[in-house]
Amino acid sequence: MPVRVKQLGGALGAEIGDVDLSAPLSDAEFSQIRQAFYRYQVIFFRDQRLTPEEHIEFAERWGRININRFFGAVPGYPMIAEIRKEPEQRQNIGQCWHTDHSYDAEPAFTSILYAKVVPDYGGATLFASMIAAYDALPDGLKKMLAGLRAKHSSRHAFGDGTQTLETRRDGRISHPERAVQDAVHPVVVIHPANGRRALYVNPDFTVGFEGWTQEESKSLLEYLYRHASQPCFTCHLSWAEGTLAMWDNRATWHRAANDYNGQRRLMHRITVEGEPLSR
Ligand code: SIN
């Protein structure tokens with residue numbers, strides 16, 4: 001049976017229908033899902049009823065699971081990170097555009113987010129295609145970026161300077177002593193599965209271009225961030241309980257809207273390890 005694929009946005013995003021992720025997927029079904037994933041960069045499945053074990057089993061079909069260093073885990077399941085905001089909390093996790101774990105030498109491949117509790121309104125996740133953003137750059141800039149590498153770090157996001165963040169104070173994000181990752185990656189990467197080029201810098205974790213100071217890097221990075229976050233490169237996912245989304249961190253950014261103060265939102269996230277990036 002072919003799985004149903006319904007495109008969500010012009011640049012990225014598709015809903016996959018007629019699939020129950022709690023049941024074992026045949027190789028044929030999995031291969032169709034993988035094809036859709038590489039084509040649309042973020043895919044989502046509605047109305048799933050997954051136990052943590054089934055979530056882990058699905059994630060393990062994609063690769064080795066990363067144990068998150070900073071986020072609290074679902075009790076009893078260190079492989080599943082909790083992305084949580086309670087009614088009395090004001091800050092959420094993942095509010096700025098980012099690519100998961102770009103500060104690692106081998107950055108995350110995919111993150112698989114499963115909605116457990118969603119607010120009555122708001123709490124959407126926005127995604128942006130770094131393939132579409134790269135494709136739309138002027139040729140001269142593409143040539144210049146081809147020779148550049150950029151430094152990414154976890155230190156400023158999760159390290160000692162973050163004590164005042166509510167998410168740090170209330171323990172949703174902890175272990176600042178583990179924020180020691182710095183990595184240098186090409187600014188334009190070649191996607192290992194489909195050979196397409198993608199812009200690989202992001203506002204949360206990129207510190208600057210290799211061989212440039214932060215001050216020298218600032219205006220070009222800001223230009224790229226303004227360019228890449230234009231609505232034509234994005235799509236918007238409204239969650240319902242039981243929605244599961246997975247995105248390709250080598251080709252996308254994402255951010256979580258924080259527009260539901262006074263309500264609870266709880267997501268379970270599994271991140272799958274990636275490989276070194278090439279250009
Ligand atoms: C994240 O950045 O992984 C969280 C995204 C979300 O909660 O929507």
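## Exercises: one cavity, one pocket, one ligand

In this predicted model, strand S6 gives the largest share of the lining of the largest cavity, namely four residues.

**Exercise 1. Describe the largest cavity: its volume, its lining and the strands that supply the lining.**

Solution.
Step 1. Count the cavities. There is one cavity of 30 Å³ or more.
Step 2. Take the volume. The largest cavity holds about 50 Å³.
Step 3. List the lining. Asn 66, Asn 68, Pro 78, Met 79, Ile 80, Ala 81, Arg 269, Ile 270 and Thr 271 line this cavity.
Step 4. Assign strands. S6 spans 77–85, and both S6 and S17 supply at least two residues of the lining. S17 runs over 265–272. The four residues of S6 are the largest share.
Step 5. Sort by class. Five lining residues are nonpolar, three are polar and one is charged.

**Exercise 2. Characterise the largest pocket and state what sits there.**

Solution.
Step 1. Take the volume. The largest pocket contains about 530 Å³ of space.
Step 2. Find the centre. The lining has 30 residues, and Asn 92, Ile 93, Gly 94, Gln 95 and Asp 204 lie nearest the centre of the pocket.
Step 3. Assign elements. Helix H5 (155–158), S16 and S17 each give the pocket lining at least two residues.
Step 4. Sort by class. The lining splits into 13 nonpolar, 12 polar and five charged residues.
Step 5. Place the ligand. The largest pocket is where the ligand sits.

**Exercise 3. Work out the shell around the ligand, its polar contacts and how much of the ligand is buried.**

Solution.
Step 1. Name the shell. Ile 83, Gly 94, His 98, Leu 113, Thr 125, Trp 247, His 254, Ala 256, Arg 265 and Arg 269 surround the ligand.
Step 2. Sort by class. Four shell residues are nonpolar, four are polar and two are charged.
Step 3. Assign strands. S16 (252–256) and S17 (265–272) each contribute at least two shell residues.
Step 4. Apply the cut-off. A polar contact needs N or O atoms within 3.5 Å. A side-chain N or O atom of His 254 is 3.1 Å from a ligand oxygen. For Arg 265, the distance from such a side-chain atom to a ligand oxygen is 2.8 Å. For Arg 269, a polar side-chain atom is 2.7 Å from an oxygen of the ligand.
Step 5. Compute burial. Alone, the ligand exposes 260 Å², and the protein buries 99% of that area.

**Exercise 4. Which residue of the cavity lining also belongs to the shell around the ligand?**

Solution.
Step 1. Search the cavity lining. Arg 269 is among its residues.
Step 2. Search the shell. Arg 269 is listed there too.
Step 3. Add the contact. The polar side-chain atom of Arg 269 lies 2.7 Å from a ligand oxygen.

Notes:
Residues numbered from 1 in each chain as written. Predicted model: local features only at pLDDT ≥ 70, side-chain atom pairs only at ≥ 80, totals over all residues. Heavy atoms only, no water. Near = heavy atom within 4 Å. Polar contact = N/O pair within 3.5 Å; in protein donor to acceptor, adjacent residues only side chain to side chain. Areas by Shrake-Rupley, 256 points an atom, 1.4 Å probe, with all protein chains shown as cover. 1 Å grid on protein atoms, 1.4 Å probe; cavity = no way out; pocket = protein on both sides within 12 Å on 5 of 7 lines; lining within 4 Å. Sits in = over half its atoms within 2 Å of the grid points. Nonpolar A, V, L, I, M, F, W, Y, C, P; charged D, E, K, R; others polar. Points joined across faces, edges and corners; volume = space filled by probe spheres on them.
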